[in-house]
Amino acid sequence: MSETPRTTFGGRRAVPPNNSNAEENTPPTMEAQGLVPRGFNPQDYLNVTGVHLFKEKWDTNKVDHHTDKYNNNDLIVRRGQSFYIQIDFNRSYDPRRDLFRVEYVIGRYPQENKGTYIPVPIVSELQSGQWGAKVIMRQDRSVRLSIQSSPECIVGKFRMYVAIWTPYGILRTTRNPETDTYILFNPWCEEDAVYMEDDKEREEYVLNDVGVIFYGNANSIKTRSWSYGQFENGILDACLHLMDKAQMDLSGRGNPIKVSRVGSAMVNSKDDDGVIVGSWDNIYEYGIPPSAWTGSIDILLEYHSSKNPVRYGQCWVFAGVFNTFLRCLGIPARVITNYFSAHDNNANLQMDIFLEEDGSVNSKLTKDSVWNYHCWNEAWMTRPDLPVGFGGWQAVDSTPQENSDGMYRCGPASVQAIKHGHVCFQFDAPFVFAEVNSDLVYITAKKDGTHVVEAVDTTHIGKLIVTKEIGGDGMKDITDTYKFQEGQKEERLALETALMYGVKKPLNTEGVAKPRSDVTMDFEVANAVLGRDFKVTITFQNNSPNRHTIAAYLSGNVTFYTGVSKEEFKKETFTVALEPLSTKKEEVPVRAGEYMGRLLEQASLHFFVTARVEGTGDILAKQKATVLTIPKVVIKVRGPQMVGSDMVVTVEFTNPLTEALRNVWLRLDGPGVVKPMRKMFREIQPNSTVQWEEVSRPWVSGPRKLIASLTSDSLRHVYGELDVQIQRRPSV
């Protein structure tokens, strides 16, 4: 069946690596067995005149396999489940004297023992878990077959042939792209490694092509919709191209553990020229700002056509595109947001914040950063490589952070293993454990070179872990799937287990902090709207019968969402006199002019308050981030909301700022309703409104979502969305 290669490969292997779905071989149409007599005429034997795959969207093959949403003309089926084909012959088929079989081939060097050449035998009864073809109907010159694939079959695009036995050899049909068949993972098949029992979960985590990504911070949660678009034209081929680009051996492409690990490396461009270039420096001259993307479709199609990484992305873009990749191939997946995520800390469970003796932050010594939020993915699969009980949701992360086995990738790491501290199990569990479990340690760097631990905050990191709820756009709190509640004995046991398995914790912070101070401090940042003044309110409480004087310091910084400070825009020192057993509030006004013009794209401000209790020398420290409320893009539609009918979509935006917006890009997206598109406005004057109209012709019925974004030189992360109900076209 396979071509005989002309050369051997350094004595190591007779066949080159079979690592490209796109490359093909050309199997012979006649495979002679022994000498063929001169008078042999292939037309004297059974010959194939046509093959029908029943691959229209309404055909049972696509409906039963839940692949009818794919905008693709080829047959797409899920493994481990039977599908139907019909073969037409030049005469009636007689099972007593005619012998034929169907063959599926993938890659350039197919081998039966690698699962890349699959001869499908004709059987009397289909066997669960095995390839087989059963004749279910014979009519005139046609035979209808029910074909069942293996639930462990390679996932990819197969070429199909029909082979017929003659006394002198095998006659095979010629290459016909019309009979190409995609085989995907099957969450509906109990024998598949990605089997998911609940129908509502499958509907959400496999078939939903629009999602919600949560950002902002735990005290000010923001949401934005994301178009996954896994069924759009060209996306399936783009996802298969990712595995080709990674030179992933075809024989491993039936294993969701390997596929998700390769995907986590390929979605970022570090070290392998993957899909997206990450950039966190707020300079995007040679590409698209991360906040401008409305979904994955443009990114994957551009990467597939140009073969070059797309600029630029940050964690939610990596997570959105990775989610498309996983769902498109049939692996149930969801995007996760971890608020106050620990990073760059070598998985040592400790984030050190160094303070000067006056309470201000020592930026030279403070190297660790706490991200306001970080997005990654979870993929659903069994883990036969781990002990029983560690299957289910696996954390996978494509944002390039730490090197794992020589590449920037992360996971799959069992969420259940992370919760219980079993970080010895592959892959990258210690890193994910540290992201959600680190302690925040405040240390005063004395002038004599000594370091004194002032306070330990064990609850700040991994404060809240969320994902989109099933069947709605709301938020689902999944913190308890990653960690036990603070203070429970199970939480302490999980930590001790992680430490036993080698997670580093250089400082034993148990009881290191000073005794509880007489004075406690907290502060709140008022709801802050972009371009307006707001207040920071600090509350001091004296729990002792003594009078105390507090010397306090407030620092306001413009920060990247990664917690890294760009610059300090506000510095205020003040003194507070506290009467015995009393509470006092101090308000610090923040004027728009102090932060406007310095903002980064996520309009994130970080406040740090430290206070020294005179007399006792106690240090109080608290930090909080706030995300300014940004105006929204408005989407309207008019005209019939029906498949195949013209509908007018209007996108409008009013500039609320006192300065003009320049180089404004509006983007519009909506899977099944409108292809991704964009429009530029050179300038929008203060309080001016711009409108953009496009005519769309929806091609998918049911509840749909339109998504818009705006980006400009000085204002980004502006979004809008609209739910629409697209009606079916009435049948004639």
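This text walks through a predicted model of one protein chain, from its overall build down to single residues. Local features are described only where pLDDT is at least 70, and side-chain atom pairs count only at pLDDT 80 or more, while totals for chains, interfaces and linings use all residues. Residues are numbered from 1 along each chain as its sequence is written, and side-chain values use heavy atoms, with hydrogens and water left out.

Start with the whole chain. It holds 11 helices and 40 strands. Both are DSSP runs, numbered from the N terminus: helices are H or I runs of at least four residues, and strands are E runs of at least two. The C-alpha trace spans about 115 × 60 × 45 Å along its principal axes.

How much of the chain is buried? Of its 732 residues, 55% are. Buried means under 20% relative accessible area, exposed means over 50%, and partly exposed lies in between, using a 1.4 Å probe and protein chains only. The accessible surface of the chain comes to about 31200 Å². Carbon and sulfur atoms contribute 47% of that surface. These areas come from the Shrake-Rupley method with a 1.4 Å probe; for residues, only the protein chains shown count as cover.

Now look at contacts, meaning heavy atoms within 4.5 Å. Take the contacts with a separation of 6 or more: 68% of them link residues 24 or more positions apart. Charges come next. The protein chain has 82 positive and 91 negative side chains. Lys and Arg count as positive, Asp and Glu as negative; His and the chain ends are not counted. The centres of the two sets lie 3 Å apart. Each charge is placed at NZ of Lys, CZ of Arg, CG of Asp or CD of Glu.

Next, the sheets. Strands of a sheet pair through backbone hydrogen bonds, either parallel or antiparallel. Here, two strands pair if DSSP finds at least two bridges between them. One open sheet has six strands in the order S22-S19-S18-S16-S25-S26, with antiparallel pairing. Strand S22 (410-414) and strand S26 (475-477) each have a single partner strand, so one side of each is left without a neighbour in the sheet. Neighbouring strands of this sheet are turned by 30° against each other on average, direction ignored. Axes are lines fitted to C-alpha atoms, for helices over the stretch in contact, and angles run from 0 to 180 degrees between N-to-C directions.

Stay with this sheet. Strand S25 (residues 464-468) is joined to S26 by three bridges, and the two run antiparallel. Thr467 stands opposite Lys476 in S26. A helix also meets the sheet strands. Helix H6 (residues 315-329) lies across strand S16 (333-343), strand S18 (369-381) and strand S19 (392-397). H6 runs at about 0° to S18.

Another open sheet has three strands, ordered S34-S35-S38, with antiparallel pairing. Strand S34 (634-638) and strand S38 (689-696) are its edges, each pairing on one side only. Here the average turn between neighbouring strands is 20°, direction ignored. Five bridges join S34 to strand S35 (residues 647-654), and they run antiparallel. Lys636 has Thr650 in S35 as its bridge partner.

Move to strand S4 (residues 82-89). Six of its eight residues are buried. Strand S2 (residues 48-52) pairs with S4 through four bridges, running antiparallel. Strand S8 (residues 142-148) is joined to S4 by seven bridges, also antiparallel. Find Ile87 in S4. Val51 stands opposite Ile87, and Val143 in S8 is a bridge partner of Ile87 too.

Finish with three single residues. Thr116 lies in the loop between strand S5 (100-105) and strand S6 (117-120). Is Thr116 buried or exposed? Its relative accessible area is 2%, so Thr116 counts as buried. Beyond residues up to four places away in sequence, Thr116 touches several others, including Asn18, Tyr104, Ile154 and Leu250.

Glu103 lies in strand S5. With 0% relative accessibility, Glu103 is buried. Lys222 is 119 residues from Glu103 along the chain, and their C-alpha atoms are separated by 51 Å.

Gly531 sits in the loop between strand S27 (519-525) and strand S28 (534-542). Its relative accessibility is 34%, so Gly531 counts as partly exposed. Which residues does Gly531 contact, leaving aside neighbours within four places in sequence? They are Ala592, Tyr595, Met596 and Leu657. Gly487 is 44 residues from Gly531 in sequence and 41 Å away in space, C-alpha to C-alpha.
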